[in-house]
Amino acid sequence: MNGLNLRIAILFICCASLAKAQTSPSTFRNPILAGFSPDPTICRVGDNYYLANSSFIWFPAIPIYHSKDLVNWKLVGHGISNPNLLKFEGLRDRAGIWAVTMRYHDGLFYLITTASESGGNFYITAKKPEGPWSDPIWLKDAPGIDPSLFWDDDGKCYYTGNSWDFKKSWPGQCAIWIQELNLQQKKLVGERKILTYGHANNAAYAEGPHLYKIKGRYLLLSSEGGTDQFHAITAHHSKTIWGPYLSDKTNPVLSHRQFGSKYPLQAIGHGDLVETQNGEWWATVLGKRLVNGEVPLSRETFLTKVEFEDGTPIFNPGFGKVLFTQERPNLPWSPFPEQTTKDQFETSTLDPIWHTVRSPKVRPYQLINGHFNLKIQPQIVDSLVNAALYIQKIKHHQFYASTKMDFTTTKDNEQAGLIIYRTNENYYSLLKEKAKLVLIKKFNGKKEVIATIPYTKSIVHFAAKGNNLDVEFSFGETIEKMMPIGIKQSLVVIAESNLNKFNGPGIGMYATSNGQSSTNKAKYDWFEYKKI
Ligand code: 6LW
């Protein structure tokens, strides 16, 4: 090779490695799943990773994500897609599907969870994470919440869960218990044993247990302290499955409680471990990002590295906390093609990002000619029923959501438009009525119209621009000419509170005839949600 060729070759290698460096970053950003993504559970099959979250009364229920690198995740399906399988009517927004555990054993995926206030603990199975999933197998006689599954080397399957129905020695005392689950008989069998009440004699809300066998020893990872400021992950060890389980000397092995209530990342807990095909260990945990002391996006999913020292899981060695940026797992960088931010409703089935709330009895929409035609329903979001409501997760502190809607009515009771929904007690809706647009705020149960503008055109564009704790609503005949409606509003309405607990916020489409029957439709041409 002559000098020039050598220089060209070196330049080529430099450019190639620069391009590679650009496409394959050395670090990643937390959260790995932003917005309403609590109680993460993770499992690996070969070089594929699967993650699931709680979904409360959102439907379809139990979102399942896939990744090859633990950083890029794609929604691939839901554990429950048949609305007849879960009875969510009458439930508060914090009830429904609580913490899930996802595991793979012997050719089958398992999801086990609690249908809070709606049937108790059940599991479902599938050959593929995308489904089809089985109908729920309800476990009678399984008290408490947060079930998990573990298979021992002899093939026996064990259920671990939490319970609180006993005489307490301290406030909030809960137990973590174990029992064999006979998968042929589909029921719990044999002795039931309490493994721990938490690592300290004032440990509150021991929950979210997961059992692992690592290098011949049993590791029980649980959460303690409740899902707020005092949330923590603790470890207990045993030589046999039935115990005794001894508290790890490092406990709690992970928490942010010691940083105080103003630390920007709160409530770290509810962890699940995964070992990569390359022998690294990582954990998914939940956390809450603070914005001026509020948590507008609810509990989200974070990733943290784990190294074992004499059996003790050390989370992010040298840091001992969840980091917003850190070196990424040693796995091939595998981003998914970027999802379009604008749903043009040109698909034959609705994109799985869309959820309704509570169990739908009818499907009130049709996808026709690139339109989402939402049939007006009598139900209102203020009642604990399923309404004509389709929302997706708000995932960013700075977002812009907009939609184009064609809707006219001659009736005073019919409304359709855009909604930011957290609970039946806390939401904003920007709706078109017979001859006007109304901006409605419902905050802690108090509902008020905060702005009204006369409007008679059939087509209207609605938009909501979120910036930390502020949100501005606008409308327009064209998307190029949007005008504000009402003054700047506060997203505290949908942030964490006593009424906004456990679930998370969504944004989308809503139509109602306020208790009366209707044959009318609101036609949505598109809906866009994007980070700004
Ligand atoms: C869940 C419990 C918890 O079942 O919150 O964060 C409950 N921890 O483990 C609902 O998400």
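**View 1. The ligand and the residues around it.** In this predicted model, the ligand sits among Asp-39, Phe-56, Trp-98, Ala-99, Ile-145, Asp-146, Glu-207, Thr-227, His-231, His-270, Leu-286 and Arg-299; a residue makes this list if one of its heavy atoms lies within 4 Å of the ligand. Sort that shell by type and you get 5 nonpolar, 3 polar and 4 charged residues. Here Ala, Val, Leu, Ile, Met, Phe, Trp, Tyr, Cys and Pro are called nonpolar, Asp, Glu, Lys and Arg charged, and the others, Gly among them, polar.

**View 2. Polar contacts to the ligand.** Look for pairs of N or O atoms within 3.5 Å, which is what a polar contact means here. Asp-146 has a polar side-chain atom 2.4 Å from a ligand oxygen, and for Thr-227 a side-chain N or O atom is 2.7 Å from an oxygen of the ligand. His-270 joins in too, with a polar side-chain atom 3.2 Å from a ligand oxygen. On its own the ligand has 290 Å² of accessible area, and the protein covers 99% of that (Shrake-Rupley method, 1.4 Å probe).

**View 3. His-270 and its backbone.** This ligand neighbour belongs to strand 21, residues 265–275. Its phi is near 55°, a positive value in a residue that isn't glycine. Strands here are DSSP runs of E with at least two residues, numbered from the N terminus.

**View 4. An open sheet of four strands.** The strand order is 2-3-5-6, and the pairing is antiparallel; two strands pair if DSSP finds at least two bridges between them. Strand 2 (41–45) and strand 6 (74–80) stand at the edges with a single partner strand each, so one side of each has no neighbour in the sheet. From one strand to the next, the twist averages 25°, with axes fitted as lines to C-alpha atoms and angles running from 0 to 180 degrees between N-to-C directions. Strand 5 (residues 61–67) and strand 6 are joined by 5 bridges, and Pro-63 has His-78 as its bridge partner. In the loop between strand 4 (58–59) and strand 5 you'll find Pro-60, where the peptide bond from Phe-59 is cis, with omega near 0°.

**View 5. The hairpin of strands 14 and 15.** Strand 14 (residues 175–182) runs antiparallel to strand 15 (residues 187–196), with 7 bridges between them. Gln-179 faces Arg-192 across the pair. The hairpin has 4 residues between its strands, and Lys-186 takes a positive phi near 55°.

**View 6. A salt bridge across the chain.** Lys-213 and Asp-152 meet through their side chains at 3.2 Å, N to O. Lys-213 is in strand 16 (residues 207–214), Asp-152 is in the loop between strand 12 (148–151) and strand 13 (157–163), and the two are 61 residues apart. The whole structure has 22 salt bridges, each a side-chain nitrogen of Lys or Arg within 4 Å of a carboxyl oxygen of Asp or Glu.

**View 7. An open sheet of six strands.** Antiparallel pairing gives the order 30-40-32-33-34-35. Strand 30 (388–393) and strand 35 (446–454) form the edges, each with a single partner strand, so one side of each lacks a neighbour in the sheet. The twist averages 15° between one strand and the next.

**Notes on the views.** Residues are numbered from 1 along each chain as its sequence is written, and side-chain values use heavy atoms, leaving out hydrogens and water. Local features need pLDDT of at least 70 and side-chain atom pairs count only at pLDDT 80 or more, while totals for chains, interfaces and linings use all residues.

Note on methods. A polar contact is a pair of N or O atoms within 3.5 Å; within protein, one must be able to donate a hydrogen and the other to accept it, and residues adjacent in sequence count only if both atoms are side-chain atoms.
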